[in-house]
Amino acid sequence: MRQEELEQYIREYGRELYSFCRSMAWNLAEAEDLYQDTFLKFYEIGDGLVIEKNPKSYLMGIAVNLYRNYKRKLSVRRRIAGVWQSVEEIDEDIPADARLLEEEILVREECHAVRGAVKTLADKYRIPVLLFYMEEMSLAEIAAVLKLPEGTVKSRLHRAKKILKQKLEV
């Protein structure tokens with residue numbers, strides 16, 4: 001893969017991939033690392049790539065696999081070291097502005113509550129939800145990215161919606 005090709009992919013899909021990485025990772029630093037590692041891996045694979053239909057799905061798949069590997073390594077390190085590290089970072093995407101209308105504030109609070117509820121989901125539910133609603137991928141595309149049967153993706157989305165409904169009704 002030539003550098004020009006990589007730059008073209010970054011221009012076309014970089015913003016969406018970064019947004020997805022921010023939603024998937026626990027904090028800003030992890031998200032930025034994941035974003036960079038995804039394009040680095042994409043570049044390393046280079047000419048071995050066979051992207052016929054949807055390069056965005058391919059990039060999302062790389063990001064998901066790198067994230068899973070990172071979480072697996074982190075889990076092993078925690079067990080070995082016996083040290084608990086906080087991976088939660090309070091992230092306020094919505095600045096409070098006193099001039100906002102009451103309705104806008106309520107809408108933003110609802111969005112913040114939904115984001116917070118999604119963030120608490122287990123990865124096996126959270127990642128399909130992010131791919132389906134945020135990246136607007138089809139069930140077949142999500143199944144291909146996660147290397148799962150389409151029925152499993154559908155059931156995980158259904159289960160995630162039930163969990164989110166319970167969390168948000170409180």
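**Figure 1. Contacts across the sequence in the predicted model**. Among contacts in the protein between residues at least 6 apart in sequence, 64% join residues at least 24 apart. The model is a predicted one, and it contains seven helices and zero strands. Read from the N terminus, the order of elements is therefore α-α-α-α-α-α-α, helices being DSSP runs numbered from that end. Of the 170 residues of the protein, 33% count as buried. The accessible surface amounts to about 11,300 Å², and carbon and sulfur atoms contribute 53% of that surface.

**Figure 2. Packing of helices α1 and α5**. The two helices pack at an angle of about 145°, and their axes lie 10 Å apart. The crossing of α1 and α5 is right-handed. On the α1 side, the contact is made by Ser-19, Phe-20, Ser-23 and Met-24. On the α5 side, Arg-126, Ile-127, Leu-130, Leu-131 and Met-134 take part. The buried residues in α5 are Tyr-125, Arg-126, Ile-127, Pro-128, Val-129, Leu-130 and Leu-131. After α5 comes Glu-136, with a positive phi near 55°.

**Figure 3. Surroundings of Arg-126 in helix α5**. Arg-126 lies in α5, which spans residues 123-134. Arg-126 counts as buried because its relative accessible area is 1%, under the 20% limit. Leaving aside residues up to four places away in sequence, Arg-126 touches Ser-23, Met-24, Ala-25, Trp-26, Tyr-67, Val-118, Lys-119 and Leu-121. With one of these residues, Tyr-67, the contact is also polar: the side chains of Arg-126 and Tyr-67 make a polar contact at 2.9 Å. Ser-23 and Met-24 also belong to the α1 side of the contact between α1 and α5.

**Figure 4. Salt bridge between Arg-126 and Asp-123**. The side chains of these two residues meet at 2.4 Å, N to O. Side chains of opposite charge can pair when their charged atoms come close. Arg-126 and Asp-123 both lie in helix α5, three residues apart, or about one turn of the helix. An α-helix has 3.6 residues a turn, so residues three or four places apart point the same way. The two partners differ in burial: Arg-126 is buried, at 1% relative accessible area, whereas Asp-123 is partly exposed, at 26%.

**Figure 5. Salt bridge between Lys-56 and Glu-16**. The two side chains meet at 3.7 Å, N to O. This pair links distant parts of the chain, 40 residues apart: Lys-56 is in helix α3 (residues 55-81), and Glu-16 is in helix α1 (residues 3-24). Lys-56 counts as buried because its relative accessibility is 15%, under the limit of 20%. Glu-16 has a relative accessible area of 33% and is therefore partly exposed, between the limits of 20% and 50%.

**Figure 6. Glu-135 and the salt-bridge network**. Glu-135 is placed in the loop between α5 and α6. The residue forms a salt bridge with Lys-56, and the closest N and O atoms are 3.4 Å apart. This pair likewise links distant parts of the chain, with Glu-135 in the loop and Lys-56 in helix α3, 79 residues apart. Both Glu-135 and Lys-56 are buried, the relative accessible area of Glu-135 being 5%. Which residues are linked in the network of salt bridges? Glu-16, Lys-56 and Glu-135 are its members. Residues up to four places away in sequence aside, Glu-135 touches Glu-16, Phe-20, Lys-56, Met-60 and Leu-130. Of these, Phe-20 and Leu-130 also take part in the contact between α1 and α5. The count of salt bridges comes to four, among them Lys-56 with Glu-16, Glu-135 with Lys-56 and Arg-126 with Asp-123.

**Figure 7. Ala-144 in helix α6 and Gly-61**. Ala-144 lies in helix α6. At 56% relative accessibility, Ala-144 is over the 50% limit and therefore counts as exposed. Ala-144 and Gly-61 are 83 residues apart in sequence, and the distance between them in space is 8.1 Å, C-alpha to C-alpha.

Technical notes
Residues numbered from 1 in each chain as written. Predicted model: local features only at pLDDT ≥ 70, side-chain atom pairs only at ≥ 80, totals over all residues. Heavy atoms only, no water. Helix = DSSP H or I, 4+ residues; strand = E, 2+ residues; numbered from the N terminus. Buried < 20%, exposed > 50% of the residue type's maximum accessible area, 1.4 Å probe, protein only. Polar contact = N/O pair within 3.5 Å; in protein donor to acceptor, adjacent residues only side chain to side chain. Contact = heavy atoms within 4.5 Å. Areas by Shrake-Rupley, 256 points an atom, 1.4 Å probe, with all protein chains shown as cover. Axes fitted to C-alpha atoms, helices over the stretch in contact; angles between N-to-C directions. Left-handed = near helix turned anticlockwise from the far one by under 90°.
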